[in-house]
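Please open the model in your viewer and keep the sequence panel beside it, since the tour below moves from one selection to the next.

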Amino acid sequence: MSAPTATAEAEPMSHRRTLEALSGLLLVLFVAMLSSTVVSTALPKIIGALNGSQTQYTWVVTATLLTATATTPIWGKLADLFNKKLLIQIAIVIFLAGSVVAGFAQSTGQLIGARAFQGIGVGGLQALVQVAIAAMIPPRERGRYNGYLGGVMALATVGGPLLGGLIVDTSWLGWRWCFFVGVPVAAVALILLQITLNLPTVRRENVKIDYLGAGLIAAGVSVLLIWISFVDDSFAWLSWQTGAMVGGSVLLLALAVWVESRAAEPVVPLAIVRERTTALAILGSLAVGMAMFGGAVFLGQYFQIGRGYSPTEAGLLTIPMMAGVLISSIVAGRLITSTGRIKPYIVAGSIILVAGFALLGTIDHQTSLVLVGAAMFIVGVGVGMTMQNLVLAVQNTVALRDIGAASSTVAFFRSLGGTIGVSVLGAVLARQVTDRITHDLAAAGIPAGSGGGSSTLNLAALPAPVQEIVRAAYGDATGHIFLISAAIAVVGIIAALLLKPVMLRSSLDLPDTGRSVAVAADAVDGAPAFDEVAIDPGTKDPVRR
């Protein structure tokens, strides 16, 4: 790995300067999260207005996640080449352009395309904000600042659905403003970043971006997701279409692995991935992403279609989950900074996440809202304790010059997990809903075409008896996908338990040569303590620090 050509002294910033710089970064994070949460409660009405299907509903979400997944590691590599602030600003502009195009969409196909373009900017924001924060704050101190990140996540996730609900419920605004509303916020974020964020450009020579590897990964995953969306509907499980799509996906992903193993600068760095902490954090992020994105994205649909609440009311009903995220991220962040230990909180969060999804798996269209709210709060606590801390665990193991690649790799797999989770669970939900509606319509003696050609998501256009059947179908089927989320999240518990119990370092960069190992010191009260050990440049022997 080449040495940096331009470096700056890796000194931590003062608390005041850190908070000033964080103001713009947190606003950027807020804008990125708002883009998905503001749509979450509005999406049933949006797809209904465009007369879309349940599969298209899923792909409006999946398209953004897919392009964000494919571009995240590329943005991370660019952060090793160019000014991080400039890259964040470019990502914001791309994100805004996608938002405006989505706002003017005239069909679900156009909306999916615009959301895919928007995802390119989202991929940059979710990778680069983490990279910028890692370049400012040492891992040991980053725990308490993760509380601010959790607060922004909670605000965006609570405020977004409420704002989206109010927009679609306000006749003189309409659903298109769900995409336009982020424009002024992003403009303010651009100005704040220009004023407050000043990071040295640590550039490495001969850095190459593996576009071929990224393209193969994106193509392989895309073909697999398309197969998941249409199998057992447009064609059978055992058919030539299944063979072509699954075989093509496997071939593309195998080629991607071959390219990555030979690339000078792979989009998913194998040297970093082979590290035990990174590999386990990736596995945990993959499981958490699948469970969280895949399950939570359908809550707004459950409250509106399955329970009959308005978009605004649906937004209010998601508050318990966001309260769990806010409280747990702040409390866990403070405790991590105080103790320097991170594994106990990741393990606890993973267990709590599974418990929350298991409880949500019991709901149907008549479940008490108190029980639903309690289950959502538990899920929120689990997310708040795991998501950011898995990234922090990886950042603690790598040198500052590799922060971009390491952070984007974890974000890549988390986003990949979310993409697969949304697609798989959306396909399961669509199949169950279709089968249930068909069965119940036949049982009630109602002809299958009684909807007049309208989408089942456009309830207002359906006769009253059909509306009740559709609501029950969506309400009862949603619980099943949360049970699948709980099963997936169990993988996160296994990964968390296998993590090494290391202490977070207090320096921005690894000591001396940038290589350090954690070794066990004397046991204190039965728990192993860990010191940083640097490699002496002269003797090559480990030196305890």
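**Starting in the core**

Begin by selecting Leu25, Ile46, Ile88 and Leu360, which are the residues with the most contacts inside the largest nonpolar core, a set of 150 residues. Please keep in mind throughout that this is a predicted model.

From that group, keep Ile46 selected and display its surroundings: leaving aside its neighbours within four places in sequence, Ile46 is in contact with Val39, Leu111, Trp175 and Phe179.

**The whole chain**

Now zoom out and colour by secondary structure, where the protein chain shows 19 helices and 5 strands. The chain has 545 residues, of which 57% count as buried. If you display contacts between residues at least 6 apart in sequence, 81% of them join residues at least 24 apart. Switching to a surface view, the protein chain exposes about 21,200 Å², and carbon and sulfur atoms supply 66% of that area.

**Helix H4 and Gln89**

Next select residues 84–103, which make up helix H4, and pick out Gln89 within this helix. Is Gln89 buried or exposed? Its relative accessible area is 13%, and because the cut-off for buried is under 20%, Gln89 counts as buried. To see what lies around the residue, select Leu190, Leu193 and Gln194, with which Gln89 is in contact once its neighbours within four places in sequence are left aside.

**Helix H17: two residues to compare**

Move on to helix H17, residues 369–395, where you will find Phe377 and also Gly373. Gly373 has a relative accessible area of 12% and is therefore buried, whereas Phe377, at 33% relative accessibility, counts as partly exposed.

While Gly373 is still selected, add Leu317 and draw the distance between their C-alpha atoms: the two residues are 56 apart in sequence, and the C-alpha to C-alpha distance is 7.3 Å.

**A nonpolar patch on the surface**

Finally, return to Phe377 and add Leu326, Ile327, Ile330, Val331 and Leu335 to the selection, with the surface switched on. Together these residues form a nonpolar patch on the surface, with about 450 Å² of accessible area. Which helix gives the most to the nonpolar patch? Select residues 319–339 and you will have helix H15, which gives 5 residues, while Phe377 comes from helix H17.

Conventions: Residues are numbered from 1 along each chain as its sequence is written. This is a predicted model: local features need pLDDT of at least 70, side-chain atom pairs count only at pLDDT 80 or more; totals for chains, interfaces and linings use all residues. Side-chain values use heavy atoms; hydrogens and water are left out. Patches are made of residues with over 30% relative accessible area and no salt bridge: like charges are joined within 9 Å, nonpolar side chains (Val, Leu, Ile, Met, Phe, Trp, Tyr) within 5 Å. Accessible areas come from the Shrake-Rupley method with a 1.4 Å probe; for residues, only the protein chains shown count as cover. A salt bridge is a side-chain nitrogen of Lys or Arg within 4 Å of a carboxyl oxygen of Asp or Glu. Helices (H or I, at least four residues) and strands (E, at least two) are DSSP runs, numbered from the N terminus. Buried means under 20% relative accessible area, exposed over 50%, partly exposed in between (1.4 Å probe, protein chains only). Contact means heavy atoms within 4.5 Å. A nonpolar core is a set of buried Ala, Val, Leu, Ile, Met, Phe, Trp, Tyr and Cys residues joined through side-chain atoms within 4.5 Å.
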